[in-house]
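Okay, thanks everyone, I'll keep this short. Have a look at the structure on the screen, and then I'll walk you through what came out of it.

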Amino acid sequence: MRVKIKKHRWYPHVLKNKDPLTLSIGWRKFQSIPVFTMEDETGNSEVNMRMIKYTPKFGFCYAVFYSPMYAVGTTFLGISTV
């Protein structure tokens with residue numbers, strides 16, 4: 001699953017790549033290890049996903065992780081376990 005995320009302003013730490021997160025989507029709760037990515041645009045209208053080590057302080061990034069299938073637009077909550 002690929003989701004667009006932003007770190008909450010009240011959370012004091014940055015989220016690190018490949019650290020376990022407890023995710024709550026709908027009524028299910030599960031643990032997964034996300035890989036954080038950002039869009040990297042090249043000059044010839046290609047869009048590549050570039051892996052980043054940490055989530056940006058201000059701004060959005062993408063997280064890719066394994067999860068059960070969900071409908072598009074379902075909100076989720078990620079809780080750091082580290």
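Before the picture, one term: when I say nonpolar core, I mean a set of buried Ala, Val, Leu, Ile, Met, Phe, Trp, Tyr and Cys residues joined through side-chain atoms within 4.5 Å. Buried, here, is under 20% relative accessible area. And please keep in mind that this is a predicted model.

So, which residues make up the largest nonpolar core? There are twelve of them. Going along the chain, we have Val 3, Ile 5, Leu 15, Leu 21, Leu 23 and Ile 25, then Phe 30, Phe 36, Ile 52, Cys 61, Ala 63 and Phe 65. Three elements put in two or more residues each, namely β1, β2 and β6, with β6 running 61–64. The largest share is from β2, which gives three residues.

Let's stay with β2 for a bit, since that strand keeps coming back. Four of the five residues in β2 are buried, so you can call the strand mostly covered. On one side, β2 pairs with β3, residues 28–32, in the antiparallel sense, over five bridges. With β7 you again get antiparallel pairing over five bridges. Leu 21 is a handy residue to follow here: its bridge partner in β3 is Ser 32, and in β7 the partner is Ser 80. At Ile 25, the residue standing opposite in β7 is Phe 76.

Put together, that's an open sheet of three strands in the order β3-β2-β7, with antiparallel pairing. The edges are β3 and β7, each pairing on one side only. On average, neighbouring strands in this sheet are turned by 25° against each other, if you ignore direction. The hairpin of β2 and β3 has two residues between the strands, and there Gly 26 takes a positive phi near 65°.

Now the other sheet. In what order do its four strands come? The order is β1-β6-β4-β5, and this sheet is open too, with antiparallel pairing. β1 and β5, which is 47–51, stand at the edges with a single partner strand each, so one side of each has no neighbour in the sheet. For this sheet, the average turn between neighbouring strands is 40°, direction ignored. Zooming in on one pair, β4, residues 35–41, and β5 run antiparallel with five bridges between them. Asp 40 stands opposite Asn 48 of β5.

Next, pockets. The largest pocket has a volume of about 340 Å³. It has 18 lining residues, and the closest to the pocket centre are Lys 6, Lys 7, His 8, Leu 15 and Gly 78. Leu 15, you'll remember, is also on the list for the core. Which strands supply at least two residues of this lining? Those are β1 (2–5), β2 (21–25) and β7 (76–80). The largest share is from β7, with five residues. By class, the lining has 13 nonpolar, three polar and two charged residues.

The second largest pocket holds about 160 Å³ of space. Its lining is made of Met 1, Arg 2, Val 3 and Ile 25, plus Tyr 70, Ala 71, Val 72, Gly 73, Thr 74 and Phe 76. Seven of those residues are nonpolar, two are polar and one is charged. Ile 25 and Phe 76 in that list are the pair I mentioned, standing opposite each other across β2 and β7.

Last bit: two loop residues. Lys 18 is in the loop between β1 and β2. Is that residue buried or exposed? The cut-off for exposed is over 50% relative accessible area, and Lys 18 is at 51%, so it counts as exposed. The phi of Lys 18 is a positive value, near 65°, in a residue other than glycine. For context, most residues other than glycine have a negative phi.

The other one is Thr 75, in the loop between β6 and β7. Thr 75 is exposed as well, with a relative accessible area of 65%. How far apart are Thr 75 and Lys 16? In sequence they are 59 residues apart, and in space 21 Å, C-alpha to C-alpha.

That's what I had, so over to you for questions.

How values were computed
Residues are numbered from 1 along each chain as its sequence is written. This is a predicted model: local features need pLDDT of at least 70, side-chain atom pairs count only at pLDDT 80 or more; totals for chains, interfaces and linings use all residues. Side-chain values use heavy atoms; hydrogens and water are left out. On a 1 Å grid over the protein atoms alone, a cavity is a set of points where a 1.4 Å probe fits but cannot get out, and a pocket is an open set with protein on both sides within 12 Å along at least five of seven lines; lining residues have an atom within 4 Å of a point. Grid points are joined across faces, edges and corners, and a volume is the space filled by probe spheres set on the points. Ala, Val, Leu, Ile, Met, Phe, Trp, Tyr, Cys and Pro count as nonpolar, Asp, Glu, Lys and Arg as charged, and the others, Gly among them, as polar. Buried means under 20% relative accessible area, exposed over 50%, partly exposed in between (1.4 Å probe, protein chains only). Two strands pair if DSSP finds at least two bridges between them. Axes are lines fitted to C-alpha atoms, for helices over the stretch in contact, and angles run from 0 to 180 degrees between N-to-C directions.
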